[in-house]
Amino acid sequence: MGCQKFNIPFQNPDSELANKFIMNVDPLSAAFWVDEIAQHITTLWTKEPAIKAAYEMRAKMQLIDSASYLFDSMERLGKADYSPNQADILRARLRTSGIVEKSYKINNVDFKFLDVGGQRNERRKWIHCFEGVTAVMFVAAISEYDQMLYEDEKENRVHEAIQVFKNISNSKYFAQSSMILFLNKKDLFEDKIKSVPLTVCFPE
């Protein structure tokens, strides 16, 4: 976890016990969401300064954007009768793998949307599949200008997005397609830019 990575010691006596309990449970198992998990996560998040200190360096970890929201809501999420609200659903993330196809009818016009994974290992699955598409919507998270790729922690995410957009825009497969650039996560960008200068991504 972050505290170990950055050598930040716990200050709360209860934190070591909470941390040990969490680390000994398989997060992918059905047994992960026991009552104690929510209690221990809440203890660490609300009472352990080391956790908040590590969180401030989250750009150096592969941490999802909604982490603080989830930690703040942990008591509610951990209840046996928990039912997700709209805010929970909007902050949920499911990595796209392969090609996901959806069809819609808008104003009596049929649209077919193809959602593809943007990770490096996903691109080879779809880059040659879309000759003749009407439009390409490229979604880029502008808030990730201080973060590195999951696949390559030496490569800046925004630099990678710019390069991929250039490649797609100039691809022969999309020569007749409209290009739509959607800059995502504006709210996170506005919050981050207050403390993290854009020069970490663009020194010039």
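Is Asn-156 buried or exposed? In this predicted model, Asn-156 counts as buried, because its relative accessibility is 6% and the cut-off for burial is under 20%. The residue is a good place to start a walk through the chain, and its surroundings are taken up again below, after the overall layout and the helical part.

The chain holds ten helices and four strands. Read along the sequence, these elements follow the pattern α-α-α-α-α-α-α-β-β-α-β-α-β-α. The C-alpha atoms fill a box of roughly 65 × 45 × 30 Å, taken along the principal axes. Of the 204 residues in the chain, 30% are buried. Among contacts with a separation of 6 or more, 60% join residues 24 or more positions apart.

We can turn next to the helices, beginning with one pair. Helix 2, which spans residues 15–23, packs against helix 3, residues 35–47, at an angle of about 135°, and their axes are 9 Å apart. Helix 2 is therefore oblique to helix 3, as the angle falls outside the range over 145 degrees that counts as roughly antiparallel and also outside the 65 to 115 degrees that counts as roughly perpendicular. The crossing of the two helices is left-handed. On the side of helix 2, the contact is made by Ser-15, Ala-18, Asn-19, Phe-21 and Ile-22. Helix 3 contributes Glu-36, Ile-37, His-40, Ile-41 and Leu-44. Sorted by class, the residues of this contact are six nonpolar, three polar and one charged.

Ile-37 of helix 3 appears again in the nonpolar interior. The largest nonpolar core has 20 residues, and Cys-3, Ile-8 and Ile-37 are those with the most contacts inside it. Helix 2, helix 3, helix 4 (49–55) and helix 6 (74–77) each supply at least two residues of this core. The largest share, five residues, comes from helix 3. Cys-3 gives a view of how the core is joined: leaving out residues up to four places away in sequence, Cys-3 touches Ile-8, Phe-10, Ala-50, Ile-51 and Ala-54. Apart from this core lies another, of eight residues, and Trp-126, Phe-138, Ile-168 and Phe-174 are among them.

The first two strands bring the description to some exposed positions. Strand 1 covers 99–106, and the loop between strand 1 and strand 2 includes Asn-107. Asn-108 lies in that loop between strand 1 and strand 2 as well. What is the sign of phi at Asn-107, a residue other than glycine? The value is positive, near 50°. Asn-108, which is not a glycine either, has a positive phi of about 65°. Asn-107 counts as exposed because its relative accessibility, 72%, is over the 50% cut-off. Asn-108, at 70% relative accessibility, also counts as exposed.

Beyond this loop, Lys-112 is found in strand 2, residues 109–116. Lys-112 is exposed, with a relative accessible area of 56%. Leaving aside neighbours within four places in sequence, Lys-112 is in contact with Glu-101, Lys-102 and Ser-103. Lys-112 and Lys-20 are 92 residues apart along the chain, and their C-alpha atoms are separated by 48 Å.

The opening residue can now be set in place. Asn-156 sits in the loop between strand 3 (135–141) and helix 9 (157–169). Not counting neighbours within four places in sequence, Asn-156 is in contact with Glu-144, Tyr-145, Asp-146, Gln-147, Met-148 and Cys-201. Cys-201 is 45 residues away from Asn-156 in sequence, yet the two are 7.4 Å apart in space, C-alpha to C-alpha.

Lys-192 meets part of that stretch too. Lys-192 belongs to helix 10, residues 186–192. With a relative accessibility of 14%, Lys-192 counts as buried, whereas Lys-112 is exposed. Which residues does Lys-192 touch, not counting residues up to four places away in sequence? They are Ser-143, Tyr-145, Asp-146 and Gln-147. Tyr-145, Asp-146 and Gln-147 are thus in contact with both Asn-156 and Lys-192. From Lys-192 to Tyr-145 the sequence distance is 47 residues, and the C-alpha atoms of this pair are 9.6 Å apart.

Methods. Residues numbered from 1 in each chain as written. Predicted model: local features only at pLDDT ≥ 70, side-chain atom pairs only at ≥ 80, totals over all residues. Heavy atoms only, no water. Axes fitted to C-alpha atoms, helices over the stretch in contact; angles between N-to-C directions. Parallel < 35°, antiparallel > 145°, perpendicular 65-115°, else oblique. Left-handed = near helix turned anticlockwise from the far one by under 90°. Contact = heavy atoms within 4.5 Å. Nonpolar A, V, L, I, M, F, W, Y, C, P; charged D, E, K, R; others polar. Core = buried A, V, L, I, M, F, W, Y, C linked by side-chain atoms within 4.5 Å. Buried < 20%, exposed > 50% of the residue type's maximum accessible area, 1.4 Å probe, protein only.
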